[in-house]
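Dear colleague,

I am handing over the structure we spoke about, and below it you will find what came out of going through it. Please have it open while you read.

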Amino acid sequence: MVMSVPRLVVAAPSSGSGKTTVATGLMAAFAARGMAVSPHKVGPDYIDPGYHALATGRPGRNLDAYLCGPELLAPLFLHGARGCDLAVVEGVMGLYDGAAGEGELASTAQVAKVLRAPVVLVVDASSQSRSVAALVHGFASWDPGVRVGGVILNKVGSERHESLLREALDAAGVPVLGVLRRAPQVDTPSRHLGLVPVAERGTAAVEAVAAMGAQVAAGCDLEALEALARSAGALTDEPWEAPVASVAERPVVAVAGGPAFTFSYAEHPELLTAAGADVVTFDPLRDERLPDGTQGLVVGGGFPEVYAAELSGNEPLRKAIAELALSGAPVAAECAGLLYLCRELDGQPMCGVLDATARMTERLTLGYRDAVAVGDSVLAPAGTRMRGHEFHRTVVEPGAGAAPAWGVRTPVRRVEGFVQGGVHASYLHTHWASVPGVARRFVERCRTS
């Protein structure tokens, strides 16, 4: 199959250059023109895709070569972009930054090459003029396999400043496709783990995305950007499909959502549904009981530490979750889900499924992890290898149960997480598309437990 989805990769020399503003603004601007826009994010980030989804009306999807392998990048991209007029891929960190010590693996540059997509480089021009040409030339020439098709200049101070920047880039032979002035109204608030998720901001997030779209539409040459997107090479990969199971009865799998649990990859509910489950989302901040007929529970990542008092105050739901876990029903919890299943979080009572306590710290734990299942669980048989990502400022004591979830090989060898009965709880965020058997095994356990 040959597919040619017009596409752009929005990258930058470093974090903080304005990638999210530009990428989200482009998505919103093109969508406002009536185009079906497919939003994507390089790396394991969960928060930016929420803004992308708001801009496009489609699920924000991640492309992570470390978690899923380079071979799944194009299939996952084509799955998300099916039926769309254009795709915008927001990069991660600097264009050539990837997994530590792994060369180009998981970098924006690798994704651009695999997708045969042109790159638009977003440059924070606030403290430079002629030097911008040297910077852009270096990024454009570093890897011949990466095609930098143009530059969007961000945080430009004045018309005189813009003129100096354009003159320098004309000499470098790289087209300027947009110029954005400073605009506080498009800023998005941050806290200890990055941007505040869309689900927590409500109307403010809608207004911010609209402002991004308006700023980009006013400051960028959308016709030139669309033409650049249409110059992307054709892809011959088959779109990814969740393996479909033929089942007579479909167990109800409850998936935690709402402002406290916003971290989930778009493919996870698709995998659960294809494996034979009826997926029902509930909000632990508001719902006092699990969905009717719940036979399995998935509690992903998010910010339970921000909502500890509200989660603790919902005692009926905490008791219902504890009873479900005690019954042996499958429960999969990642990071925030792990904290929620503990006995307490920052002194506030939680579900009490695990005999462990959790608390906030000043220390950031961040990075990719290579992991192997220590024993059998509802997610995987012993010996299953998966790659994950850890990102938190909390600590759970003890860090592992009598039966740990994972043996982790990076950055140091250790065991972590908890497997007890039907519960699998861990700090590791994993992408189930890399090992589809995880979803099938979980749903089968829901059906038979």
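I begin with one pairing: the bridge partner of Leu297 in strand 13 is Val331. Please keep in mind that this is a predicted model. Leu297 lies in strand 12, residues 294–299, which pairs with strand 13, residues 331–334, in the parallel sense over three bridges.

These two strands belong to an open sheet of six, in the order 11-10-12-13-21-20, in which the pairing is mixed. Its edges are strand 11 (278–282) and strand 20 (418–420), each of which pairs on one side only, and the twist from one strand to the next averages 15°.

Two helices lie across parts of this sheet. Helix 13 (residues 315–326) lies across strands 11, 12, 13 and 21, running at about 110° to strand 12, while helix 15 (residues 437–448) lies across strands 10, 12 and 13 and runs at about 145° to strand 12.

Phe442 touches both Leu297 and Val331, and its other contacts include Val253, Leu272 and Val378. Phe442 is also among the residues with the most contacts inside the largest nonpolar core, which has 111 residues; helix 1 (residues 19–32) gives the most to this core, with seven residues. Apart from it lies another core, of 39 residues, among them Leu317 and Ala425.

Finally, the buried residues of helix 10 (residues 222–230) are Leu222, Leu225, Glu226, Leu228 and Ala229. They are on the same side of helix 10, because they cover an arc of only 160° around the axis.

With best wishes

Note on methods
Residues are numbered from 1 along each chain as its sequence is written. This is a predicted model: local features need pLDDT of at least 70, side-chain atom pairs count only at pLDDT 80 or more; totals for chains, interfaces and linings use all residues. Side-chain values use heavy atoms; hydrogens and water are left out. Two strands pair if DSSP finds at least two bridges between them. Helices (H or I, at least four residues) and strands (E, at least two) are DSSP runs, numbered from the N terminus. Axes are lines fitted to C-alpha atoms, for helices over the stretch in contact, and angles run from 0 to 180 degrees between N-to-C directions. Contact means heavy atoms within 4.5 Å. Buried means under 20% relative accessible area, exposed over 50%, partly exposed in between (1.4 Å probe, protein chains only). The arc is that of the directions from the helix axis to the C-beta atoms. A nonpolar core is a set of buried Ala, Val, Leu, Ile, Met, Phe, Trp, Tyr and Cys residues joined through side-chain atoms within 4.5 Å. Lists of a residue's contacts leave out its neighbours within four places in sequence.
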